[in-house]
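Here are a few exercises to work through with the model open beside you. Try each task before you read its solution.

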Amino acid sequence: MRCLIIIVIITVLQGPAYGGEYPLGFSPISNEISLYQNASDDGDNLGQTLQLVFINSLDIGTEVGVEFTADFNRKMTPGEDHDYYLEFGLVKPVWKNLSVNYQRIHGTFIDDPVNQFGVRWRF
């Protein structure tokens with residue numbers, strides 16, 4: 001596991017595999033705030049959800065995508081007044097449309113935080 005973390009850190013810190021230089025910078029890609037009223041198929045009130053989605057590109061000598069998604073629910077989970085889901089991610093382009101990524105997930109329905117390491121193909 002430590003070896004995988006070291007590989008991800010080295011990949012993020014090195015320049016992009018396809019060349020080019022990235023000065024310090026910030027580029028917004030998608031920043032959204034949504035409010036939902038939840039309902040069952042029968043029309044029953046299933047509470048409300050506030051959803052935050054922030055996806056941006058950060059250039060600090062190399063390009064790295066930074067993603068944050070959060071859902072805050074009110075009166076949606078039986079027996080709970082509030083619950084939440086949080087996801088933070090880093091995405092590093094490595095070749096053409098291929099990236100490596102790391103995501104960290106927290107939530108009231110997750111016993112322990114989850115670390116996800118993966119590969120992403122954008123098309």
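**Exercise 1. Work out whether F117 is buried, partly exposed or exposed, then do likewise for Y102.**

Step 1: F117 has a relative accessible area of 26%, so it goes down as partly exposed. The cut-offs are under 20% for buried and over 50% for exposed, with partly exposed in between (1.4 Å probe, protein chains only).

Step 2: Y102 comes out at 18%, so this one is buried.

A word on the ground rules: this is a predicted model, where local features need pLDDT of at least 70 and side-chain atom pairs count only at pLDDT 80 or more, while totals for chains, interfaces and linings use all residues. Residues are numbered from 1 along each chain as its sequence is written, and side-chain values use heavy atoms, leaving out hydrogens and water.

**Exercise 2. Find how many aromatic pairs the structure holds, and describe the one made by F54 and F68.**

Step 1: There are 3 aromatic pairs. Rings of Phe, Tyr and Trp (its six-membered ring) pair if their centres lie within 6.5 Å; planes under 30 degrees apart are stacked, over 60 edge-to-face, and the rest tilted.

Step 2: F54 and F68 sit 6.3 Å centre to centre with 10° between the planes, which makes them stacked.

Step 3: F54 belongs to strand β2 (residues 45-59) and F68 to strand β3, so their pair ties together parts 14 residues apart in sequence. Strands here are DSSP runs (E, at least two residues), numbered from the N terminus.

Step 4: Both rings are partly exposed: F54 at 28%, F68 at 27%.

Step 5: Now compare Y102 and F117: their ring centres are 5.2 Å apart and the planes meet at 45°, so this pair is tilted. Y102 is in strand β5 and F117 in strand β6, 15 residues apart.

**Exercise 3. Describe how β5 and β6 are joined.**

Step 1: β5 (residues 98-107) and β6 (residues 114-121) run antiparallel, with 8 bridges between them. Strands pair if DSSP finds at least two bridges.

Step 2: A hairpin of 6 residues makes the connection from β5 to β6. For one bridge, pick I105, whose partner in β6 is V114.

**Exercise 4. What does the side chain of D71 make a polar contact with?**

Step 1: Look in strand β3 (residues 63-74), where D71 is found.

Step 2: D71 is buried without a salt bridge, and R74, the nearest side chain of opposite charge, is 15 Å away. A salt bridge would need a side-chain nitrogen of Lys or Arg within 4 Å of a carboxyl oxygen of Asp or Glu.

Step 3: The polar contact is with the side chain of Q51, at 3.1 Å.

How values were computed: Helices (H or I, at least four residues) and strands (E, at least two) are DSSP runs, numbered from the N terminus. Lys and Arg count as positive and Asp and Glu as negative; His and the chain ends are not counted. A polar contact is a pair of N or O atoms within 3.5 Å; within protein, one must be able to donate a hydrogen and the other to accept it, and residues adjacent in sequence count only if both atoms are side-chain atoms.
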